[in-house]
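Me: Could you take a close look at one part of this structure for me, and walk me through how that part is put together? A connected account would be lovely.

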Amino acid sequence: VAAHATSIVGVTSDQARISGFVWKAGLVVTSDEGLADEGRVEIERPNKSALPAEIVGRDPGTAIVLLKCEQLGLPAATLADEVPSPGALALLVGSEDGAATAALGVVSKSAGAWQSLRGGQIDARLELDAIMRRSAEGGLVVNASGRAFGMAVFGPRRRIVIIPSTTIARVAPKLETTGRIPRGYLGLGLQAVSVDGGKT
């Protein structure tokens, strides 16, 4: 926990105060659900000093947002490409008021890849049975060996869903370069037309 806490930061926006973690030098990954759509964003470091940040990109489909703060000066988190089994112990590490928070839980579900309601492809369906503070959303989930394997977000019915490291490793670089994840969609457009008799 101590090793990962140095990479955990607080993220403040107009909507809420959540957590995030340093993905690369000057870049922070956090949860899309907890971040306001617009307005000022700040990153709170462990020493309680806050720095302005800008949104590099966001993908609601996988709940991943990438923030940029070049003056951050914190080490990047090490993410492990592991999918734990149901029953595995896990520790959720977040940030609140400049200090690390932690909650112990159990992986309650571990299944294959799935598609979120917003169309994002997520590499494993992982759910955590634990009590998560609102401020800890966007924090890291660490296994019993101390390896971080994903980011915690609130899912349907306030379940804790873990966005696995493999999904973060796939999505975050694209957000860094393009700012978004393009996805195809089907839509329906309606237009009034004139018919005999002048009716539309």
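Reply: Happy to! Let's start from one residue: phenylalanine 21 faces valine 29 across the pairing, with valine 29 belonging to S3. Before going on, a word on the basis: this is a predicted model, where local features need pLDDT of at least 70, side-chain atom pairs count only at pLDDT 80 or more, and totals for chains, interfaces and linings use all residues. Residues are numbered from 1 along each chain as its sequence is written, and side-chain values use heavy atoms, with hydrogens and water left out.

The two strands concerned are S2 (residues 17-24) and S3 (residues 27-31), joined by four bridges in the antiparallel sense. Here strands are DSSP runs of E with at least two residues, helices are runs of H or I with at least four, and both are numbered from the N terminus; two strands pair if DSSP finds at least two bridges between them.

Both strands belong to a closed, antiparallel barrel of six strands, in the order S1-S2-S3-S6-S5-S4. Neighbouring strands of this sheet are turned by 40° against each other on average, direction ignored.

Now add helix H2 (residues 165-178), which lies across S2, S3, S5 (50-59) and S6 (64-68) and runs at about 50° to S6. Contact means heavy atoms within 4.5 Å, while axes are lines fitted to C-alpha atoms, for helices over the stretch in contact, with angles from 0 to 180 degrees between N-to-C directions.

For context, the chain as a whole has two helices and 14 strands, and its C-alpha atoms fill a box of roughly 75 × 40 × 30 Å along the principal axes.
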